[in-house]
Structure formats: structure tokens, C-alpha cells
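Subject: Structure for your files, with notes

Hello,

Here is the structure for you to look over. My notes follow it.

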Amino acid sequence: MRKHAAKQPEPPSDKERATKHRAVADALREEILNGIWSAGDRIHSEQVIAKRFGVAYMTARQAVSSLVAEGVLERIARKGTFVRQEKTVQIKPSQRFRFLLLVEGGKTSLDPYYLPPIVEAFEHVIKAHGHQLAIYDYSRAILEGLIARDAPVCCVLLSEPEILYANLLRERGNRVYAINRCIPGGQVPFVAADNAGGAQAAVEHLISLGHERIGFVRGLPNNIDGADRRHGYHQAMWNHELPSGPEEGDHFIEACGYEAAKRMIASSDSPTAIFCASDLSAIGAMKAIAEAGLSVPRDISIVGFGDFPVAGFLHPGLTTVRLPMAELGRIAAREMLKLVRGETLQEKSIPCELVLRDTTAAPSLATHVG
């Protein structure tokens, strides 16, 4: 029998090549904007770039050429390709977009540690690419009619009403992207921190130390992050066939953690460890424990969520889950830039990291972890 010749793979289409060269150009541009490559640095050769990104040499060359055309890079004969002194991408006025970022409360929030890093990172990337950005509170944007039908909109989602509004904007015809979990598989693409996974890791850590009675200080009712962290807490307890401990609280702030911990300590079956949905409520819980004449972590272990700057300055230092807030903002901005180019976006989940310090230990032991 005559063997059939192996089918040769089809060469990539013009559209596929264009998508790849834009992706390589975007990655290099972002490295320059984030300071990985400084002004005046000589970048890698196109052969090295092709190997690094797993693309053809011509794709790498096209990516570099596009950055040269933008003014991000410059070629110097017989020397190589260098980062220009001016790193801001130059875009013709006709190519500029006015992006809208919708945030509950505008640039302010009851939790000042959460939103500012997200907003600042998002703003930095958008403006560095030569575009304009306006940041509005949802209510102001609605009442004053500030959202044009052709405006690209990024919605920071904190609760269910914002999810509804993001979907309404999409149905109206806006190009919409979301920061935080939207409806999985829906029409609004999003990037979100893995709050449930981070909470599960925190509780798994406490269980690994020997804790079985673990309380939980909840966040705001109907808050997306709070609901995901509660889910992660219950998942970890269920995985180890442990009954859920006492649940208290209805906010992320210090006073909530303080009152919640007081009630837990006063109960007949007080927990040996408390997982809090926020670093701020964890701080309040630590105060309540101290006022009761108890010690962290000797008597009660504490884990927070967020890894806000204050966490490392407490005594003892707070064991917590690190939220990738700046990364959320940067990724959202990069995805928005893809959105206005008509590219298809996927849902993205960013892992949260458990940060071990000094507020967790085995039950009734003074040995610190960290």
C-alpha cells in the first residue's frame, strides 16, 4: 500500500501574524513602561526576541519595527536597537481614545488601601499609551450622562448592582471590561483576584497548624470579594470535614473585627483561630483579643486578607493574604487597549499569595510561624 504523505501544517494567516506581532510589541512596550528596559538600553536582537516569545523571526522584526514607528524604540546603524529617551508612546490625535473608569465613590473608598493601587496602575498604563482617562463615580456618570456610546468603559465591580450596570452598558453598545468577578462566561470580560483560593489557602494554613475551631469575620453583605472569601473559608473547612466556626461581622473595617472578635471570645466555644476577610478587621480583632487579656498567637491565631502596608508594621506582624491590586489595574488597562483594537478577550484570574508573619501558631503553643 502507498503511504499517504503527512499533512503539512498550514502557514499562519495574515490575521494570525498580525495578532502575534501586536502581542509581542505590547509585551515589550509594557516592559519599557514598567522600567524593565530603561531609556538608552539596547534591547535584545530580533532573533533572541523571536526565540523568547516562540514566534517567527519576521514576527519579532515586525513587532520591533512597529515600536520604532511609534517612537518607543530607535535603530542606530551598526549598533542595534535602543529604548528612546522619551518612553511615552506617541499616538496621533485621531488614534486616541477617551477611556472611562467607573469606581464606586470615584477615587475614594471606605477602604483606602484597596482601590488606590488599582486605579493608579490602570491610569499609569492608559496615559503612558497616549490615551485620555476620566474616573467617575457610578452615580455621577449616570445622573450627568457622562458616558458616550462609543467610550471604552472599565467598571470596577464591588457588588451586584455594578455587575448589572456593566451588562447594561454592554447592551447599550459600549465596549466594556470589568475589574473583579463578573458573570462567568458572560458578555463582559473581566480580570479578578482569586479571592476564594486565597481564603482557602489561609484557612488550610490554620488547619495545618492543628486548628479545628476557626472563626470567620465576614465582609460587607453582597460584596463580591467578601462572598468569594467566605466561599473559600467554607471550602477549606469542608475539605477537612470540620464544622464551620462562628461567623460574625458585616464590614471590612477595624470596628467590625473588634466587635466580632469580642463576641467570639465571649462564646462558650470560642475559636482558637480567626480568619478575617480584611486586614483592617484583623487589626480590630487583635485589639479585642488584647483587651480580653489574651495573646496573639499564643491564645488565638489571626489571619487577615489584603496585605495592606500596615500589615507588616503591626506587632506581631500580621499573617495575611496578599491581593495583587496593582497587577489588577495593569492587566485591566492592557486588556482595555486590546478591546479598542477589536481583539477577543478572555476572563483572567490572578492568584493571591499567603504571606506568613507572626500572628499564627499551633493551638496553645507560643511558637511563631514566619
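Are H7 and H8 parallel, perpendicular or oblique to each other? The model is a predicted one, and in it the axes of helix H7 (residues 195–208) and helix H8 (residues 224–239) come within 7 Å and cross at roughly 40°. H7 and H8 are therefore oblique to each other. Their crossing is right-handed. On the H7 side the contact is made by Asn195, Ala196, Ala199, Gln200, Val203, Glu204 and Ile207. On the H8 side it is made by Asp225, Asp228, Arg229, His231, Gly232, Tyr233, Gln235, Ala236, Met237 and Asn239. By type, the residues of this contact divide into 7 nonpolar, 6 polar and 4 charged.

Val203 belongs to helix H7. With a relative accessible area of 0%, Val203 is buried, the cut-off being under 20%. Leaving aside residues up to four places away in sequence, Val203 touches Ile214, Tyr233, Ala236, Met237 and Phe275. Tyr233, Ala236 and Met237 are also among the H8 residues in the contact with H7. From Val203 to Gly232 the separation is 29 residues in sequence and 8.2 Å in space, C-alpha to C-alpha.

A second helix pair is H2 (residues 46–53) and H3 (residues 57–70), whose axes come within 8 Å and cross at roughly 110°. Angles of 65 to 115 degrees count as roughly perpendicular, and H2 and H3 are therefore roughly perpendicular to each other. The crossing of H2 and H3 is right-handed. Here Glu46, Gln47, Ile49 and Ala50 of H2 meet Tyr57, Ala60, Arg61 and Val64 of H3. The residues of this contact comprise 5 nonpolar, 1 polar and 2 charged.

Next, the backbone. Most residues other than glycine have a negative phi, and most peptide bonds are trans. The following residues are exceptions to one or the other of these.

- Val296 and Pro297 are joined by a cis peptide bond, with omega about 5°. Pro297 sits in the loop between helix H10 (279–291) and strand S11 (301–303).
- His315 to Pro316 is also a cis peptide bond, with omega near 0°. Pro316 is in the loop between S11 and strand S12 (320–322).
- Asn180 is not a glycine, yet its phi is positive, near 105°. Asn180 lies in the loop between strand S6 (175–179) and strand S7 (190–193), and at 3% relative accessibility Asn180 counts as buried.
- Asp307, likewise not a glycine, has a positive phi near 55°. Asp307 is found in the loop between S11 and S12, and at 14% relative accessibility Asp307 counts as buried.

The loop between S11 and S12 thus holds both Pro316 and Asp307.

Finally, the chain as a whole. How many helices and strands are there in the protein chain? There are 11 helices and 14 strands. The protein chain has 370 residues, of which 49% count as buried. Among its contacts between residues at least 6 apart in sequence, 69% join residues at least 24 apart. The chain exposes about 18,400 Å², and carbon and sulfur atoms supply 53% of that area.

Regards

Conventions: Residues are numbered from 1 along each chain as its sequence is written. This is a predicted model: local features need pLDDT of at least 70, side-chain atom pairs count only at pLDDT 80 or more; totals for chains, interfaces and linings use all residues. Side-chain values use heavy atoms; hydrogens and water are left out. Axes are lines fitted to C-alpha atoms, for helices over the stretch in contact, and angles run from 0 to 180 degrees between N-to-C directions. Helices (H or I, at least four residues) and strands (E, at least two) are DSSP runs, numbered from the N terminus. Angles under 35 degrees count as roughly parallel, over 145 as roughly antiparallel, 65 to 115 as roughly perpendicular and the rest as oblique. A crossing is left-handed if the near helix is turned anticlockwise from the far one by less than a right angle, and right-handed if clockwise. Contact means heavy atoms within 4.5 Å. Ala, Val, Leu, Ile, Met, Phe, Trp, Tyr, Cys and Pro count as nonpolar, Asp, Glu, Lys and Arg as charged, and the others, Gly among them, as polar. Buried means under 20% relative accessible area, exposed over 50%, partly exposed in between (1.4 Å probe, protein chains only). Accessible areas come from the Shrake-Rupley method with a 1.4 Å probe; for residues, only the protein chains shown count as cover.
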